[in-house]
Amino acid sequence: MELIKPGRQFDFMSKRWLFIGLSGVLLILSIISFIVPGPKLGTDFKGGTEVEVAFKAPVSSAEVREAVTKSGFDSPDVVSVADQTNPNRYLIRVHEVSALSEPQKAAVRDRMCLAPENGSVPEDRCPQAVRATEVKFSPGGDKISARYDVAPDLDGVKKQLEGIEGVEIRPGANNPLVVSERDHKVELYLKSRGDQLMDGLRQHLGADKVPDQALRVEWIGPKAGAQLRDAAIKSILITIFFIMAYIAFRFDIRFAPGGIVALVHDVGIALGAMVITQREITLSTVAALLTIVGYSITDTVVVYDRIRENLGKHRDMSFSAVINFSLSEMLGRTILVSTTTFLSLVMFLFYGTGVIRDFAFTLVVGIVVGTYSSIYVAAPLTEWIDRRFFGANSSKRKKVSRVRTQKRADAVV
């Protein structure tokens with residue numbers, strides 16, 4: 001299939017400054033968007049609790065948001081999830097996590113009569129059956145492990161935690177639970193933020209609308225979120241570094257800067273589009289950005305390979321003319337590949353749900369700017385570097401071009 005007739009030439013380089021200016025404007029807008037309105041980080045990066053609920057009866061997102069707020073959660077994010085089997089399915093995100101704060105941990109230790117270092121506890125308030133000798137907290141904040149010198153009084157241990165703000169024992173016959181009779185070790189299971197959120201929904205919306213259990217409950221702490229964010233940034237930077245090294249060895253040093261600038265251009269604009277449209281930036285977004293990096297560099301390498309091939313074939317042409325000639329040869333292939341990929345992703349963009357839709361949006365933007373950057377960012381920058389830093393070679397090619405042109409003119413005469 002031939003979209004472009006063989007031999008047809010387009011003067012891409014004459015329009016390069018227009019499109020480079022357009023790229024500059026888009027990048028500036030992307031940078032400004034990180035200030036206003038600012039990125040909307042998902043729970044992967046800023047921490048929080050995510051609960052997916054399939055309600056039994058129709059309920060609006062405003063009602064769900066109001067119920068979550070009344071339950072003590074600040075600024076909840078309520079998103080309707082498209083589901084043909086259950087139209088009343090919502091994804092609820094809150095900033096709070098189950099991990100206990102240091103004041104809460106201190107209150108639990110005090111209530112469980114854990115003696116401070118080089119200190120003691122009052123005998124009247126802390127009989128030996130409820131006097132813990134060791135208290136540990138799980139990283140998730142929903143379990144407390146304690147040890148005692150004698151067989152513990154489970155009812156007394158349970159009463160000790162009553163009244164501590166944000167700490168609530170999960171209902172159940174086996175809670176607290178003795179996990180080691182020899183060591184007198186006890187485990188107490190607390191209500192997680194997801195459990196507390198579900199209780200709040202039942203209280204304010206009614207048990208006839210709220211199911212007994214959520215479809216899914218996930219959480220991540222702020223510290224882990226910061227580590228994931230840093231790891232995501234490092235992964236993108238390391239990828240770009242190795243790609244630059246690959247291009248430098250695969251072609252020559254003239255081509256590497258153009259490829260890297262094109263990659264930064266593509267990732268920056270795609271990320272800016274996510275921020276401007278206020279889509280959540282999550283680990284899935286990072287995966288989409290890395291996919292864009294791979295797609296963009298593949299397209300750029302194909303263009304570079306054709307340019308290098310034509311540099312050897314057409315030594316009588318200037319570098320700028322070789323780029324025009326090479327891009328014209330590649331135009332049909334570029335249109336077919338990019339359009340095919342674009343159309344397949346558009347289906348996910350319109351008919352996908354949740355994370356899939358955001359992933360597809362990022363890739364759609366990346367494919368458009370990636371295809372464009374191979375033509376109007378990478379190639380023109382390579383030509384400028386050749387002219388600026390490899391002037392001797394460029395002058396030699398121009399001299400050869402003038403001599404051969406003169407010989408053709410003399411032959412015609």
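**Exercise 1. State which strands helix H3 lies across, then place those strands in their sheet.**

Step 1. In this predicted model, helix H3, residues 61–70, lies across S3 and S4, and its direction is at about 35 degrees to that of S4.

Step 2. A further helix, H6 (residues 193–205), packs on the sheet and touches strand S2 (48–54), S4 and S9. The direction of H6 makes about 45 degrees with that of S2.

Step 3. S3 and strand S4 (residues 89–94) run antiparallel and are joined by four bridges. Within this pair, Ser80 stands opposite Tyr90 in S4.

Step 4. The open sheet has four strands, with antiparallel pairing, in the order S3-S4-S2-S9. Its edge strands are S3 (77–80) and S9 (216–220), each of which pairs on one side only. From one strand to the next, the twist averages 15 degrees.

**Exercise 2. Determine whether Arg111 is buried, partly exposed or exposed, and describe its surroundings.**

Step 1. Locate the residue: Arg111 belongs to helix H4, residues 102–111.

Step 2. Apply the cut-offs: buried means under 20% relative accessible area, and exposed means over 50%. Arg111 has a relative accessible area of 29%, so it is partly exposed.

Step 3. List the contacts, leaving aside neighbours within four places in sequence: Arg111 touches Arg125, Gln160, Leu161, Glu162, Gly163 and Ile164.

Step 4. Look at Glu162 in that list: its backbone oxygen lies 2.6 Å from a polar atom of the Arg111 side chain. The cut-off for a polar contact is 3.5 Å.

Step 5. Compare sequence and space for another arginine: Arg131 is 20 residues from Arg111 in sequence, and their C-alpha atoms are 9.2 Å apart.

**Exercise 3. Identify the elements that build the largest nonpolar core, and examine one of its members.**

Step 1. The largest nonpolar core holds 53 residues, of which Ile243, Ile247, Leu263, Ile307, Ile323 and Leu327 touch the most other members.

Step 2. Two or more residues of this core come from each of helices H7 (222–250), H8 (256–276), H9 (283–313), H10 (319–351) and H11 (355–389). H11 supplies the largest share, 13 residues.

Step 3. Take Ile307: apart from residues up to four places away in sequence, it touches Phe255, Phe319, Val322, Ile323, Ser326 and Ala379.

Step 4. Check for another core: a second, separate one has 18 residues, including Ala132, Val135, Leu161 and Val186. Leu161 is also one of the residues in contact with Arg111.

Conventions:
Residues are numbered from 1 along each chain as its sequence is written. This is a predicted model: local features need pLDDT of at least 70, side-chain atom pairs count only at pLDDT 80 or more; totals for chains, interfaces and linings use all residues. Side-chain values use heavy atoms; hydrogens and water are left out. Two strands pair if DSSP finds at least two bridges between them. Axes are lines fitted to C-alpha atoms, for helices over the stretch in contact, and angles run from 0 to 180 degrees between N-to-C directions. Contact means heavy atoms within 4.5 Å. A nonpolar core is a set of buried Ala, Val, Leu, Ile, Met, Phe, Trp, Tyr and Cys residues joined through side-chain atoms within 4.5 Å. Buried means under 20% relative accessible area, exposed over 50%, partly exposed in between (1.4 Å probe, protein chains only). A polar contact is a pair of N or O atoms within 3.5 Å; within protein, one must be able to donate a hydrogen and the other to accept it, and residues adjacent in sequence count only if both atoms are side-chain atoms.
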